[in-house]
Amino acid sequence: MESISRISSLLESARELTLDAASSARSSRTSPKTLPAAQIKKLLDSRSDREVLDGLRKVISLMYRSQPCLTYFSSVVKNVASPNIEIKKLVYIYLLSHAEQEPDLALLSINTIQKSLSDGNPQVRALALKTMSGIRVPVISQIVSLAIKKGLNDMSPYVRKAAALAIPKCYRLDPNTLPQLLDYLSALLGDKQYYVAGAAVKAFMDICPERLDLIHKHYRGLVRKIVDMDEWSQLVTLRLMTIYSRKCFPRRTKRVTKFKNNGTDDFYGEEKGEEEETGEVVQVLDPDLALLLNSIKPLLQSRNSAVVVAVTRCYVNLGTPEYISLSIGPLVALLRGPTDIQHIALYNIVSVCLTTPQAFVKYASHFLVHSTDPRQVWELKLELLTLIFPHSDSSIKSLILNELEHFSRGSDEELVRQAVRAIGRCAQSDTRTSARCLRLLLKQITSLDGNLVAESLTVIRHLIQQDPTSHTGTVIRLAKNLDTATNTQARATIIWLVGEFAGTDGENNIAPDVLRILAKGFAEEAEPAKLQIVLLAAKVYLHHLNRSDQSAPIKPADSHVPDYSQQENEGFSENNPQPQSPYHKPEPEPDHPIVALWNYILLLARYDTSYDLRDRTRLYKALLAIPSSTELATLMLLAPKPIPHTPSPSESRTSFTLGSASLVVGEDGDRSGLQGYDELPDWVAVGKEPDPSLRNIEVPKSEYDSGRVVPAGERLDSAIRDTMFSSSPSNANGFGATSGGKAKTLDDWLAEEEAEEKAAAEESSDEEEESEDEDDEEDEDDDEESEEDEDESEEESEDDKEDDRLVK
């Protein structure tokens, strides 16, 4: 009968599964139709688990489509006591979403959820604990705290993990429960199960990240468990360990000593020498810090890119260059992933490359731009190529320049502009290749693309300013391109360069002739070019005045002061007329061409429509109004310009921590980062760190409820231990058979064997006697059973007679 009932139950369950699969397939093929509210309530009130489950699915579907489903609250909540775990899950999901809107009705289900905390299924217990802590009703904070305490001593690590995750929720319900929660948290941090400890670390970082005193005794245990934790627990634990290491391990350094051989041997034939200090300083790692850095090495092979970045952050902020070099390979390997992973990985790679570019040279081929790369990816790749350029050998430098030259001739305007800027940064970082970079850029100035020409000339200007004396011919070549250059910024750049070299070669300079040509088309020029033409005219005129002052002889000033004391009428000549001498006006000298050009440019700018141009012209005219006093004008116009340096675009982000959102989406130049960004603390000062002995505390193993059921495996183990240490020599296998701990002799072994044989013989004789006694007892039992059968038959016949009489 039992087998038939089992078969029927299996058939019933198979039928329900088939119906569920058919209904789900039908719903996936057809568009979702909303049932009337009355029909859904009818399903929820049904006695069939399948219909209740179907109704709950309809309600959850409405809920996730943002449709009102608060009307089903009472019908849903009354199913919380259902033994079906699928129904429980859906009811709990509904409760978590609508408990705040109906707190009174939600409180009615708390008693049932509390009973589920004692269920035999650990999944049900954990689910009940999650639901109770997720119901955001402040009144139940103490009940949630008691539920966490109960889950703390649960046998199942799944329930203990749920208890750890419930701690932050309880703290948000009522911050006054913090002292109790800290006690629970301290116990969970020392749990022997790694996934419970990971959840406890997450709760620790949520409610009390500054209480590092709770971590001291669990530090080494957490470090050993971190490899086995899940990926999200590894991330939060690595963050905690980075902060803990900065605050608890001082940064110690030492100078490297080098052994110097004197060329002599001592008495034993060993070389004599002395140690001398070098200028190199290396970091000395604390043993516990070295334990952390060595324990997280396997995480560099993690499949989660965030874990790889987090390990790299630990090595960069805590470790030595040897540890940093270990993380570079796995970090570059992230470029094989999807585009979004590449984008974030490249930001972190650039941040590391700004400090240690030499380690990335061998991975230069990974940073070459692909035709399918989006803009945000190839911008970072070009930046990486320029960062490793000065540290590469000649073959890699040639590869990088060929790559940049190819993209500078492309069709994408932004890519062309960035490639030209990258060539300029390469030339600035390595002066040995500046000549080749300059040749590449000079090829671009004949391009029809005005933006490319302007960007190339800006970079050429920076290169010329680095060594002005050796680029006079380059400026002449650029000046010849003024006839063909049409871009406003390009023309302004060339005119500025001509003005910077206006003082070389004296009268043979090309600047006056360039100014003469530009003056003819001054009215057609754009405002940036006009500003540079006026500046060029002021520089050319100033150089002319300086040369004129040096060549003209210095005449002494006339110191004669007329004496009016001898004159009558106190110097009033009209009262005492005297004969006047004839006055001859000097003939005007012809103006120098440079002076004429200067006056002509002033006249043109005077009637220009640009306010800025007119104001600038008046400033230059006032500076040069007194030809004999040009010191102030020389100081303002001819002062030596600082050599421009184009920084890497990501240098403003170096202060952000690896793996942070501020490093990726933060604004350039913003040092504070996004809202919520926390910088890493500084290293603790030597002598102010916590006592290292705090980490030597042996954490007792967590004991669970003493009244729990002992598993069968533990009972078997205890039974084996009892038999191992029993007093019988045969059971002890020779251990402990002799008193005083003396070793057994051969006579003892023989005596034991004889005793065992005698005991076996006695047992066999006893068994024979017992078997005979059992046979006799069986015969007696058979006689008694026969007599009892006869009595029962007589009683049954009498009962039949009585039944017949009653019928009659």
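## A buried salt bridge in helix 21

In this predicted model, R417 pairs with E414 in a salt bridge whose closest N and O atoms are 2.9 Å apart. Both residues belong to helix 21, which covers residues 413-429. R417 and E414 lie three residues apart there, about one turn of the helix. Where does the pair sit, buried or exposed? R417 is buried, and E414 is buried too.

## Salt bridges along helix 29

Let's move on to helix 29, which spans residues 611-623. Here D612 forms a salt bridge with R616, and the closest N and O atoms are 3.8 Å apart. The two residues are separated by about one helical turn because D612 and R616 are four residues apart in helix 29. D612 has a relative accessible area of 34%, so D612 is partly exposed. R616 also counts as partly exposed, because its relative accessibility is 29%.

A second pair in this helix is R618 with D615, where the closest N and O atoms are 2.3 Å apart. R618 and D615 are three residues apart in helix 29, again about one turn of the helix. With a relative accessible area of 51%, R618 is exposed, because the cut-off for exposed is over 50%. D615, at 41%, is partly exposed.

Some salt bridges also share partners: R375, E379, E414, R417, R421 and E455 are joined into one network in this way. For the model as a whole, the count comes to 24 salt bridges.

## A nonpolar patch on the surface

Helix 29 also has a part in a nonpolar surface patch, since L619 lies in this helix. Which residues make the patch? L619, L632, L635 and M636 do, and the patch has an area of about 410 Å². Helix 30, residues 631-637, gives the largest share of the patch, with three residues. As for L619, its relative accessibility is 39%, so L619 counts as partly exposed.

## The second largest cavity

Now for a look inside. The model has two cavities of 30 Å³ or more. The second largest cavity holds about 40 Å³ of space, and its lining is made up of Y347, V350, S351, L354, S650, R653, T654 and L663.

Which helix gives the largest share of this lining? Helix 18, residues 339-353, does so with three residues. By character, the lining of the second largest cavity has four nonpolar residues, three polar ones and one charged.

Conventions
Residues are numbered from 1 along each chain as its sequence is written. This is a predicted model: local features need pLDDT of at least 70, side-chain atom pairs count only at pLDDT 80 or more; totals for chains, interfaces and linings use all residues. Side-chain values use heavy atoms; hydrogens and water are left out. On a 1 Å grid over the protein atoms alone, a cavity is a set of points where a 1.4 Å probe fits but cannot get out, and a pocket is an open set with protein on both sides within 12 Å along at least five of seven lines; lining residues have an atom within 4 Å of a point. Grid points are joined across faces, edges and corners, and a volume is the space filled by probe spheres set on the points. Ala, Val, Leu, Ile, Met, Phe, Trp, Tyr, Cys and Pro count as nonpolar, Asp, Glu, Lys and Arg as charged, and the others, Gly among them, as polar. Patches are made of residues with over 30% relative accessible area and no salt bridge: like charges are joined within 9 Å, nonpolar side chains (Val, Leu, Ile, Met, Phe, Trp, Tyr) within 5 Å. Accessible areas come from the Shrake-Rupley method with a 1.4 Å probe; for residues, only the protein chains shown count as cover. A salt bridge is a side-chain nitrogen of Lys or Arg within 4 Å of a carboxyl oxygen of Asp or Glu. Buried means under 20% relative accessible area, exposed over 50%, partly exposed in between (1.4 Å probe, protein chains only).
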